[in-house]
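Please open the model in your viewer and keep the selection panel at hand. The tour below moves from one selection to the next and says what is to be found at each stop.

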Amino acid sequence: MTTAMTSGIAAAAGELVTSLMLRPWGQVSASIYETGRLVSLAPWLTGHQARISYLIGTQREDGAWGAPDGYGLVPTLSATEGLLSALSRADSGADRGYLTHTAERGVRVLATWLGQRLTLPDMPAIEHIVPSLVALINRHVTHLTGHPPLPLPEGMSEDTLRLVRSWIKSGMEIPEKLLHALEIAGEEASGAPGIRPSPIGTIGASPAATAAWLRERSDGDASEAARGHLEAIVRLHGGPVPVGLPITMFERGWVLSWLGRAGVPVDVPPEMAADLRAAIGPLGTPAGSGLPADADTTSVALYALALLGVPCEPDSLWHFRSGVHFSTWPGEQGVSVSVNAHVLDAFGEYVARKPAAAPSYGEAIRDLAAWIQERQRPDGSWTDRWHASPYYATVSCALALDAFGGEPSAASVRTAVEWVLGTQRPDGSWGRWEGTAEETAYAMQTLLMTRSRWEPRCTEAVGRGQAYLARSAGKEHPPLWHDKDLYTPLAVTRAVVIAAQHLAERACRPSPDGASP
């Protein structure tokens with residue numbers, strides 16, 4: 001790779017970091033689920049027709065929306081219900097015949113899916129979202145000829161949803177993480193007692209939750225703040241909205257940690273590092289305003305700060321400890337290997353820079369490494385509840401184990417490398433459903449940042465991956481990250497690709513003495 005290409009990578013990284021300051025709420029793809037909820041909940045909001053057009057334009061040929069393997073259920077429910085709501089209101093400007101056709105195609109595919117056994121992904125609030133949307137659609141289908149009510153997936157019911165709604169109606173304090181999906185409460189969400197927007201006007205960092213709380217009210221400063229926040233968000237994509245915003249600390253932590261770990265030369269504004277440091281409280285760091293603190297954002301922020309040369313005591317992470325592993329937040333149902341890999345990074349990097357702290361964190365580091373190894377799949381990969389791709393979970397675990405797991409982790413890392421080498425596609429890419437730049441970058445980093453990096457097979461595979469990244473430059477990153485809907489944190493995925501390109505350039509650059517660099 002030429003010097004010009006190297007300087008191009010550095011320039012891209014610099015522009016990316018600058019963009020974090022220019023767009024402090026974050027850079028996130030539009031969401032079918034969240035946009036469908038705004039079509040239903042906020043027809044008065046600027047960009048309503050653009051949101052309807054977005055839903056119509058993103059419907060798949062089979063009548064569904066979203067990704068394969070069960071990921072399509074939530075977006076298909078939301079888009080279908082949103083279009084049915086527009087029909088029931090007889091929204092002006094909408095082609096009623098085409099709306100009916102599009103919505104009925106959605107109902108038909110939902111009837112097919114829900115009429116058989118479904119395996120659903122582990123998505124936030126899915127156990128509440130699905131029953132709430134099925135109930136709403138069933139109110140609409142009574143007016144559609146030949147469409148019987150939709151059943152719920154096996155194992156789901158409205159019982160918990162009713163409990164949540166009565167909880168919200170009573171004015172009792174509810175878990176902060178539930179605010180992110182407040183729209184499930186239906187009419188009970190509107191002006192719910194005890195719930196108020198954050199200082200920037202959001203409820204739960206969610207346009208849908210904010211719209212559900214606001215409805216059409218304009219009765220005070222809080223309502224005006226929420227309305228102003230929604231108006232600002234709809235301008236980002238010209239109508240459609242993301243599933244979660246703001247994600248300020250999440251975005252900055254992940255971007256800076258990916259670039260820093262790969263050694264990408266970039267000047268980080270001191271105020272950005274200061275903001276990241278200030279966000280770490282005694283109970284951790286939230287991804288953004290309106291969200292609860294979580295172990296993932298906290299650990300990645302701590303790791304990024306350590307890479308920037310300002311290591312901070314990671315003692316706030318003890319708040320999330322659950323036995324020998326760490327929960328995303330206290331009381332989490334389920335576990336995440338990537339979260340625990342990031343905690344291992346935070347502890348390990350802090351001890352590496354502050355060796356005197358080793359007695360405080362040594363046992364946790366050993367326990368975490370062993371816990372992560374135990375959850376490796378037989379083929380050498382890992383899977384995770386916060387990302388659809390095993391390449392994300394695998395790079396998170398393999399890099400943490402390689403750096404901080406010691407010799408007991410060597411075999412686990414080696415098995416992960418073998419899995420990556422064995423799953424490269426003929427065009428040089430990697431990916432769960434198709435080759436993508438993001439997943440290819442994760443695979444390349446697994447090969448380039450572990451102890452197997454100089455093996456000829458790794459070098460050859462990286463070269464093919466590097467060529468794929470060059471060919472795919474400028475293409476959109478498909479949504480792979482878990483929230484209520486799959487989404488793409490655009491700045492983060494750009495950082496992942498830049499980091500892989502930088503590593504590949506270094507690996508392929510011959511050293512003056514002919515040895516490996």
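Begin with the largest pocket, to whose lining α6 (126–141), α7 (159–170), α10 and α12 each supply at least two residues. A pocket here is an open set of points on a 1 Å grid over the protein atoms alone, with protein on both sides within 12 Å along at least five of seven lines, and a lining residue has an atom within 4 Å of a point. Helices are DSSP runs of H or I with at least four residues, numbered from the N terminus. This is a predicted model, in which local features need pLDDT of at least 70 and side-chain atom pairs count only at pLDDT 80 or more, while totals for chains, interfaces and linings use all residues. Residues are numbered from 1 along each chain as its sequence is written, and side-chain values use heavy atoms, with hydrogens and water left out.

Stay with this pocket and select Pro-124, Ala-125, Lys-177, Trp-329 and Trp-386, which lie nearest its centre among the 43 residues that line it. The volume of the largest pocket is about 1100 Å³, where a volume is the space filled by probe spheres set on grid points that are joined across faces, edges and corners. Of the helices, select α7 next, since α7 gives the most to this lining, with 4 residues. Colouring the lining by class should give 25 nonpolar, 9 polar and 9 charged residues; Ala, Val, Leu, Ile, Met, Phe, Trp, Tyr, Cys and Pro count as nonpolar, Asp, Glu, Lys and Arg as charged, and the others, Gly among them, as polar.

Now turn to the enclosed spaces. Rolling a probe the size of a water molecule over the atoms shows where empty space is left. A cavity is a set of grid points where a 1.4 Å probe fits but cannot get out, and the structure holds 2 cavities of 30 Å³ or more.

For the largest cavity, with about 120 Å³ of space, select Trp-254, Ser-257, Trp-258, Arg-261, Val-300, Tyr-303, His-342, Asp-345, Val-395, Ser-396 and Leu-399, which line it. The helices that each supply at least two of these lining residues are α10 (248–262), α12 (295–307), α13 (337–353) and α15 (390–404), and α10 gives the most, with 4 residues. The lining of the largest cavity has 6 nonpolar, 3 polar and 2 charged residues.

The second largest cavity has a volume of about 40 Å³, and its lining can be shown by selecting Gly-70, Tyr-71, Leu-73, Val-74, Pro-75, Pro-121, Met-123, Ile-126, Lys-484 and Asp-485. Helix α4 (residues 73–89) gives the most to this lining, with 3 residues.

Which helices do the buried residues of α17 pack against? Select α17 (residues 437–448), whose 12 residues reach 16 Å from first C-alpha to last, close to the 16 Å expected at 1.5 Å a residue, the expected span being 1.5 Å times one less than the number of residues. In α17, 12 of 12 residues are buried, where buried means under 20% relative accessible area, exposed over 50% and partly exposed in between, with a 1.4 Å probe and protein chains only. Show α10, α15, α16 (410–422), α18 (456–471) and α19 (490–508), for these are the helices that the buried residues of α17 pack against, contact meaning heavy atoms within 4.5 Å.

Next, centre on Thr-35 in helix α2 (residues 32–41), which counts as buried because its relative accessibility is 0%. The side chain of Thr-35 reaches the backbone nitrogen of Val-241 at 3.1 Å. Leaving aside residues up to four places away in sequence, Thr-35 touches Arg-51, Tyr-54, Leu-55, Pro-240 and Val-241.

Finish with three backbone details. The peptide bond from Leu-245 to Pro-246 is cis, with omega near 5°, and Pro-246 sits in the loop between α9 (221–234) and α10. Asp-69, in the loop between α3 (48–57) and α4, has phi near 60°, a positive value in a residue other than glycine, and counts as partly exposed at 46% relative accessibility. Ala-90, in the loop between α4 and α5 (96–114), likewise has a positive phi, near 55°, and is exposed, with a relative accessible area of 54%.

Technical notes. Polar contact = N/O pair within 3.5 Å; in protein donor to acceptor, adjacent residues only side chain to side chain.
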